[in-house]
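Dear colleague,

I am passing on the structure below, together with my notes on what was found in it. Please read the notes with the coordinates open beside them.

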Amino acid sequence: MTVVTQPVIRRVLEGCGAPCVETVTAEALHRDCFCVAVDPDAVREQVNGLLASEGAPMRLTDAHAHLFAALPIFVPEHTVRHMEAAVQALSAAVATPAFVDATLAWAPPIAQHDPGSPGGLLGFDFHLGSEGPRLIEINTNPGGLLPLSTPAASCEAEQAAIDVLLDEWQAQGGRADDSLVAILDHAPEQQYLYAEFLLFKRALEARGYRTAICDPGDLRFVDGALRLGEERIGCVYNRLTDFALTAPTSQALRLAYLAGAVALSPHPRAHALWADKRNLTLLGDRSFLAKAGLSPDRQTLLTEIVPRTVLVSADNREQLWATRREWFFKPAAGFGSRASYRGDKLTHKTWAQMADQDYVAQALIPPSVRHTGPESTPLKVDLRGYAYQGQVLFFAARLYHGQTTNFRTPGGGFAPVLTLART
C-alpha cells in the first residue's frame, strides 16, 4: 500500500494537462480521474516474466484478462486507520472465551482441535460508504496477495506472507527438519489463481524450503507421517474450500492434522472462529461483546463497523422475506460469494430451497463505486485487508459489476490501493 498526499496527486494531475478534479478527494478522483493508472496487460506480462524466470509451466492467459484493474482506489488515511483499528478490535473479540465457546458450539467437531497457531492470513472485506467502512465478511484463505505484490513492487508483502506461513509451522511444532512444504488445493493446475501457487512455491524455495503443489488425493498418512510419494510433508499451505476436511480426498490430511503430524494453515479451527458467517451475529452485538469483556470503545467500534446480521430461522423467515430488499443472504459456511443473494434478487423458488440450509441475513451495505471513463458505468468496489494476528499487512481492492465480486468484468479485477493523506 502506497501513501500519497494531496499535493503529490495535484502535481501528477497537472502534469497530465488540465487537472481533472478541482478538489483532491477520494470521491472526486474516483468519479473524474482516469489518468493515474497502470497497464493491466503489462502487469500480466510482469507476472509471466517472473514465472518464466523460474521455469514455471503456467502463464497468465486471456482467461486472466480481468485479473488486474487499471485504475487505483484512493482511500483517505483516516479510513485506513479506522479499518486497522477494527481488525485489532475483531481480533480481541475473537480471542475472548465467550466468543470461542459460542462459535465452537455451532462449528463442526474438528474445530475443537487446537493445533497451536492462529491459523494464517485473514482477509477482511469492507465496503466503503458515506458513513465509513463496513465489514462485509472475513475469509481464512484469501487469495491474490502474491500476484498483487508483483506489480506493486512490494517485496514486503511477499516476505510477510511467507513469514506468516513459517510462523504457523513453528507454532505447530515444526521447521526442525528437511520435510516438504505442500501447497494444497483440488486440481491445483485448474484453479484460477494457480499462478499464485507457483509464486508461493518460488518464494518458499528462495528461502530454502523444498516445496510441492498437489491435490489432497495425492497424500497418504503412513507410519505417523503425511506423505507425498515417499516425501514426508512437514507443513501444508491449505487453499482447500473443504474447511472441515470432510471430503474423502481429505482424509489423509485430516488424520495427520488431528495426530499433530503436520502443520496446517489455515486450519479448521481458524475457519470456525473467523469465517463462519454466523459469527458476525456476535461480532456486531453490543450486548454479547459487553458480556464477553470487550472494552466499551471496542464495543462501539464493532457495533458501528459490523452491519446488523441475524440467523435465518423458522421464526423470522416470514419477516425477512417481507423485508428482503434490506438484506443480503449468505450461507454460514459459504465462500467466494457462492449461494449468496441480494434480497431484491431472490426468487420464491430459491428462498424455499434455502430453508434447509444455515443462512444469515446481513443488512445490505451498498459498495462505493469507481468510474473508469466519462461515459462508463461505474464499477463496484470491495476493499480487502490482509491481516495476521490483528495487524493489517496489505490492502487491495476488487472492482466488479454484478451482485458479487468476480474476475469477469471488463476494467475490473484486483486494483492497487493508494492511501490519500493530508498535509
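Before the notes begin, one definition is needed: a residue is called buried when its relative accessible area is under 20%, exposed when it is over 50%, and partly exposed in between. Please also keep in mind throughout that this is a predicted model.

That scale can be put to use at once on a charged pair. The side chains of R342 and D344 meet in a salt bridge, with 2.4 Å from N to O. Because its relative accessibility is 29%, D344 falls between the two limits and counts as partly exposed, and R342, at 22%, is likewise classed as partly exposed.

Turning to the strands, I would begin with β16, which covers residues 379–388 and has nine of its 10 residues buried, so that this strand is largely enclosed by the rest of the structure. Strand β3 (residues 122–129) runs antiparallel to β16 and is joined to it by five bridges, and within this pairing F126 has L383 as its bridge partner. Strand β15 (residues 368–370) also pairs with β16 in the antiparallel sense, over three bridges, with R370 standing opposite L379. Strand β17 (residues 391–400) is joined to β16 by nine bridges, again antiparallel, and here R384 finds its bridge partner in A396. The hairpin formed by β16 and β17 has two residues between the strands, and in that hairpin Q389 takes a positive phi near 50°.

Side chains in this part of the chain also deserve a look. Y386 and F394 are both buried. A network of salt bridges links D125, D382, R384 and R398; R384 is thus the residue already named as the bridge partner of A396.

A separate group of strands is found in an open sheet of four, in the order β11-β14-β12-β13, with antiparallel pairing. The edges are taken by β11 (309–311) and β13 (341–342), each of which has a single partner strand, so one side of each is left without a neighbour in the sheet. Inside that order, β12 (residues 327–331) and β14 (residues 359–363) pair in the antiparallel sense over five bridges, and F328 of this pairing has Q362 in β14 as its bridge partner.

The aromatic side chains come next, and the structure holds nine aromatic pairs. In one of them, the rings of W321 and W351 have their centres 5.6 Å apart and their planes at 35°, so the pair is tilted. This pair links distant parts of the chain, since W321 belongs to helix α14 (residues 317–322) and W351 to helix α15 (residues 348–353), 30 residues apart. W321 is buried, with a relative accessible area of 15%, and W351 is buried too, at 8%. A further tilted pair is made by Y386 and F394, at 6.5 Å centre to centre and 55° between the planes. Elsewhere, ring pairs link Y192, F407 and F414 into a cluster.

Both tryptophans of the W321 and W351 pair also have an arginine to consider. The charged end of R324 sits over the ring of W321, 3.9 Å from its centre, while the charged end of R317 sits over the ring of W351 at 4.2 Å from the ring centre.

As for salt bridges, the count comes to 19. One of them joins the side chains of R202 and E158, at 3.4 Å from N to O. R202 lies in helix α8 (residues 194–206) and E158 in helix α7 (residues 155–171), so the pair ties together parts that are 44 residues apart in sequence. R202 counts as partly exposed, at 23% relative accessibility. R278 forms a salt bridge with D276, the closest N and O atoms being 2.7 Å apart; R278 and D276 are both buried, whereas in the bridge described at the start R342 and D344 are partly exposed.

If you go through the model yourself, I would suggest taking β16 and its partner strands before the tryptophan pair and the salt bridges.

With best regards

Terms used. Residues are numbered from 1 along each chain as its sequence is written. This is a predicted model: local features need pLDDT of at least 70, side-chain atom pairs count only at pLDDT 80 or more; totals for chains, interfaces and linings use all residues. Side-chain values use heavy atoms; hydrogens and water are left out. Buried means under 20% relative accessible area, exposed over 50%, partly exposed in between (1.4 Å probe, protein chains only). Two strands pair if DSSP finds at least two bridges between them. Rings of Phe, Tyr and Trp (its six-membered ring) pair if their centres lie within 6.5 Å; planes under 30 degrees apart count as stacked, over 60 as edge-to-face and the rest as tilted. A charge sits over a ring if NZ of Lys or CZ of Arg is within 6 Å of the ring centre and within 35 degrees of the ring normal. A salt bridge is a side-chain nitrogen of Lys or Arg within 4 Å of a carboxyl oxygen of Asp or Glu.
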